[in-house]
Amino acid sequence: MSLSVARRTALAAQGFTDPRPAGEPTRRHLNRALGRTKLLQLDSVNVAMRAHYAPLLARLGPYDPALVDDAAWTDTARRPRLLVECWAHEASLIPVEDWPLLMSGAKRRGWWRGYERLVDESTGLVEDVLAVVKELGPVGAGTIERELTGGERRTPGSWWERSDVKKVCEWLFGIGELTTGTRRGFERCYDLTERVLPAAVRARRVEPAEAARALVARSAEALGVGTETDLRDYYRLGPEITRAAIGELVDDGTLEPVRVQGWRPQAYRHVAATTPRTVTGRALLCPFDPLIWERARTERLFGFRYRIEIYVPAARREYGYYVFPFLLDGRLVGRVDLKADRTASVLRVPGAFAEADVDRGHVAAELAAQLRETADWLELDDVVVGEAGDLATELAGEVSARPR
């Protein structure tokens, strides 16, 4: 398989060749996009937009974020929730029906397991936390802390340290006893899983090996073609259980071993993957978009070296604080540092950079149009381009030529 074929296969698998909705995107369009990506990663950074909203903007175009909010945090008899939070790639929104797979033990040992000693040593703390959530939920960790570390006690027992309460909440979330009932702003409000998920979902028990096969198959569908490392990274599975699952999926015909030009490791193509002749269209990709979140794979597929520089001191950043790669007609052709300045009602672009061997004028024109669309979606009045980067001057000119 040539690298060009692998790249087009990956883009199709991620939904970048699906037609955008002709009108206002609906829950049907949301389901289609989620059928491609399988999950939406959550992250607390909100410099430009929340991470779980951005991949859908890249695939659907402008849409109402309430589509995601209602699917994840609203449950009615007429429209039950579609998504639930749990640890998948990282903290993620996943389809409700996939929750038993992530609770099966197929994943690598979660970091919250480090709190097991605290749980064992703090007799009654788990019961106290669950009692508060049962009475007050959905409820934030801060309120749970206040209930158990000060004020009038609602449950018997000793006084607890605030940090211990928060750790136990994370442990209970990690093992599936608690989940997110709703969010207020971006605060996770815990509720008992039994009040959030259908009984049939909670009752389903899946053996780790079976779950690993299902999750690796989902990874392969989402990636189109990928190495063993790519396949296990999508849901953060362990290496041994992933290799066993790949072997079984190859045997049953779900995966086809392939060699990709320029890739050293063995790759695997999902049997249902498609390869379009061309890929057209444009999108800004947030740092947590599943097309690019595995940086080594991004470099293998696109020849595009990408690192998030949030934790790099400002003076040492190469491209900026919160940088979005720009996808244009199947290539990553540049990147922009973005910040939504809501006080001034502008989308700021402190830096803009082009890749080598691109038509810079064409890239600047398409990027300017995409930035205008993004600013409108964010309900910001203007786009302001800074001076950093080798594309900044051309981009500023194109933005000025496209007033709102």
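Leaving out neighbours within four places in sequence, R232 is in contact (heavy atoms within 4.5 Å) with L237, G238, P239, T242 and R243. R232 itself sits in helix α12, where helices (H or I, at least four residues) and strands (E, at least two) are DSSP runs numbered from the N terminus. With a relative accessibility of 19%, R232 counts as buried; the cut-offs here are under 20% relative accessible area for buried, over 50% for exposed and anything in between for partly exposed, using a 1.4 Å probe and protein chains only.

A word on the model: it is a predicted one, so local features need pLDDT of at least 70 and side-chain atom pairs count only at pLDDT 80 or more, while totals for chains, interfaces and linings use all residues. Residues are numbered from 1 along each chain as its sequence is written, and side-chain values use heavy atoms, with hydrogens and water left out.

Helix α12 also takes part in a salt bridge, that is, a side-chain nitrogen of Lys or Arg within 4 Å of a carboxyl oxygen of Asp or Glu. The partners are D230 and R297, with an N to O distance of 3.1 Å. D230 belongs to helix α12 (residues 228–233) and R297 to helix α14 (residues 295–302), so this pair ties together parts of the chain 67 residues apart in sequence. Both D230 and R297 are buried.

Across the whole structure, the search turns up 25 salt bridges. One of them joins the side chains of K38 and E221 at 3.2 Å, N to O. Distant parts of the chain get linked here: K38 comes from the loop between α2 (27–37) and β1 (40–41), E221 comes from helix α11 (residues 208–223), and 183 residues separate the two. As for exposure, K38 is buried at 12% relative accessible area, whereas E221 is partly exposed at 38%.

Helix α11 turns up again in the pairing of R213 with E248, whose side chains form a salt bridge at 2.6 Å, N to O. That one also bridges distant parts of the chain, with R213 in helix α11 and E248 in helix α13 (residues 239–251), 35 residues apart. R213 has a relative accessible area of 29%, which makes it partly exposed, and E248 is partly exposed too, at 35%.

Finally, salt bridges can also join up into a network, as they do for E85, E170, R183 and R188.
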